[in-house]
Structures are given as structure tokens and as C-alpha cells.
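Work through the exercises below with the model open beside you. Try each task before you read its solution.

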Amino acid sequence: MNVAIVGASGAVGQELLKVLDEQNFPVDNLKLFGSPRSAGKEYEFRGKKIKVELLDHNSDFSGVDIAFTSAGASTSKEYASTITRHGTVMIDNSSAFRMEPDVPLVVPEVNPEDALNRPRNIIGNPNCTTIQMVVALKPINDLSPITRVHVSTYQAASGAGAVAMKELEKQFAELAEGKTPTIEKFPYQLAYNLIPQVDVFTDNGYTKEEMKMYNETRKIMHSENIRVSATCVRVPVMRAHSEAIWLATEQPLELDNVRNALESAEGVVVMDDPNAKHYPMPLDISDKDPVYVGRLRKDLADPCGLSFWVVGDQIKKGAALNAVQIAQWLLKNDERLASKV
């Protein structure tokens, strides 16, 4: 396969290089693209150094089978036609096309077949918080359709990129030395603090991040009946997002049946033994592939309700790994791409 990464120098771009290697993805030729600031940098992949090319409208994507793009929505919109005009499949990690009706939004454990219907040769990689949530929702929804979800997220600095992670580290160091912390990437000091805002506010009082969870969940799960109400919070954690989820199903479910469904689900690990204080935490889940579920219990406020805790690595399953898994599924199920392997 001939593969390209657009935004190779960013946190997700770097993670894509790592995941492609970890997953033993068949890469015969790899091209890296970036901004003027990144162009000329070299990164090693499977023993070979590859130089980042400047992305412009003359960039050559002919012969590239799959391009992973993670350089922001404005870049994805501007260069989509440049990337796809020769038949390249663009798997886009930005918000640029997620809600476009002719762009599938795919989580392989939930709706992989959607990836085959891509009129523009673009596949959307969902928002990180949505990805880990729907992976956990799918096996429950298969038991009884979900009607309502309330979720509170606890989002790590990694969700705001490599610069944000460095800022959090710097703030802790500065505070330890009695200095005033640097505040540039975040609206407030994040170290020793929580910020109940991720992204900008919309007219209804919810942030764009919270509305992504509402809209994307309905699209991925093909359900106009699921209503999602989210509160997204930035927390002083370096990597891996956590979510507290309350949901209601059409019919009451037995907890043992839910547990069995989650334990059998693809991409899910149940880590749930309250007596042993065994539950997922971001410190332990960082750099791991699956979505981890714990604190599973009945909702005391609703006979059809369940409550549980979910943790997943935002850069991995929430971004790079999900994109690579989409590509892996295509290699097995898309006739044109499968013929090349």
C-alpha cells in the first residue's frame, strides 16, 4: 500500500506513525506532508528516514491509496480535492466533514460498512470522546435500543494537542518553583484545576465539543432516537479521556446480560471489581488500544437506566488507531484496495 500522512508533525500524526508500525499495516511507500513550519523535518519509519513535504495544491497524491489527514479542519477543507483527485481514500481526523451527508463517519466496531459508501472518497474519523463512548454503547444498544444518554467527560490535555500537553507539564513545574504558570493554550490554568469548557460555546449553551457528541452519536449509530446530553470538562491529566455515562434503554436490562455483552464486544475491556478497587483510570490506560469499562451498575433514578465509567486513550483509539482500523477494514472489504494487498 502507498500511504500518506498529512499533519505528520502533530501529536496525532506522530501517533499514526507509531500505530501503523504497531499494527503491522502494509506500507510499501510512505509520504509525509506538513505546513511550512514542518516541511523538511525527518521522521523514521521502519528503519527509513522520511522527509516531510510541504503541503500545497501541487502536492502529488497520485498513486497514494490511503491518506490519513490530521492537520485541522481548515486544512482538510482546503486540500481535500488535492488529496482525493487521483482516487486516494482520505481518512480525515478533523471536524471538517463529519456531519456532511455524503461523508461516512466510521467507528469500525460500530458501523464499518458505512466506509464503503464514500462518494467523495472521504471518510470521517469521529471526535475522540464520541469514539470511545459509542464503542461502549454498541453492545448495550444491541440488547435494547438506547433512548437517552447523559455523559460527563474528563478530557486530558492530549485532546488539545502536543502544545497543550507541554503547557500542562510546564504549569506544574512553574507552580512547584513558586512561579506564575504560563497560560497560552488553555483559557485558564489547568494544573490543579478543572475547566468546564472544551471548545467554544454555541447558542444553546452547549459547547461545540458537547454538540459533537450529540450529533455524531446519532449518525454513527444510525438512530434519530438517541438523545445525548453532555458536559465536557478539561482535567489536568496528560493523556487518556474518561467519561461517566448514564443511559436509558427501551426495556430494562439485567446487569449480567449487559456485562456479558460488554465482555464479548470487540474493542472493549471490562475492568470492574469494586471490592478490589479495580476500575479503569487514565494513568493505567494511556497508550493502550481498547476502550475500558468499569463501575457498571443500575441507575437508581431510572428502572431502564444503567451507569458506568469509560476510559480510552484519546490519541490512540480516539484518533490514530481508529483511523488505521478503518483502513484495515477497507483492506479486507473494499475490492479495489483488497486487490492490492
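**Exercise 1. Decide whether Cys128 is buried or exposed, then look for disulfides.**

Step 1. Cys128 has a relative accessibility of 8%. Buried means under 20% relative accessible area, exposed means over 50%, and partly exposed lies in between (1.4 Å probe, protein chains only). Cys128 therefore counts as buried.

Step 2. Cys304 is at 18%, so Cys304 counts as buried too.

Step 3. A disulfide is a covalent bond between the sulfur atoms of two cysteines. The test used here is a pair of cysteine sulfur atoms within 2.5 Å. For Cys128 the closest cysteine sulfur is in Cys232, 8.8 Å away, which is too far for a bond.

Step 4. Over the whole structure, the search finds zero disulfides.

Before going on, note that the model is predicted: local features need pLDDT of at least 70, side-chain atom pairs count only at pLDDT 80 or more, and totals for chains, interfaces and linings use all residues. Residues are numbered from 1 along each chain as its sequence is written, and side-chain values use heavy atoms, with hydrogens and water left out.

**Exercise 2. Describe how helices H1 and H8 pack.**

Step 1. Two packed helices are described by the angle between their axes and the distance between the axes. Axes are lines fitted to C-alpha atoms, for helices over the stretch in contact, and angles run from 0 to 180 degrees between N-to-C directions. Helices (H or I, at least four residues) and strands (E, at least two) are DSSP runs, numbered from the N terminus.

Step 2. H1 covers residues 11-22 and H8 covers residues 316-333. Their axes come within 9 Å and cross at roughly 50 degrees.

Step 3. Angles under 35 degrees count as roughly parallel, over 145 as roughly antiparallel, 65 to 115 as roughly perpendicular, and the rest as oblique. H1 and H8 are therefore oblique to each other.

Step 4. Now list the contacts, meaning heavy atoms within 4.5 Å. On the H1 side they include Val12, Leu16 and Val19; on the H8 side they include Lys316, Ala320 and Val324. The contact residues divide into nine nonpolar, no polar and three charged. Here Ala, Val, Leu, Ile, Met, Phe, Trp, Tyr, Cys and Pro count as nonpolar, Asp, Glu, Lys and Arg as charged, and the others, Gly among them, as polar.

**Exercise 3. Do the same for helices H3 and H6.**

Step 1. H3 (residues 128-143) and H6 (residues 255-264) pack at about 130 degrees, with axes 9 Å apart. That makes H3 oblique to H6.

Step 2. Ala136, Pro139, Ile140 and Leu143 in H3 meet Asn257, Val258, Ala261 and Leu262 in H6. These divide into seven nonpolar, one polar and no charged.

**Exercise 4. Place Leu337 and find what Leu337 touches.**

Step 1. Leu337 sits in helix H9 (residues 335-338). Its relative accessible area is 0%, so Leu337 is buried.

Step 2. Leave out residues up to four places away in sequence; Leu337 then touches Met1, Asp65, Ile66, Val89, Leu330 and Leu331.

Step 3. Take Asp65: Leu337 and Asp65 are 272 residues apart in sequence, and 7.5 Å apart in space, C-alpha to C-alpha.

**Exercise 5. Where does His222 lie, and what is its phi?**

Step 1. His222 lies in the loop between H5 and strand S9 (227-234).

Step 2. Its phi is near 55 degrees, a positive value in a residue other than glycine.

Step 3. At 57% relative accessibility, His222 counts as exposed.
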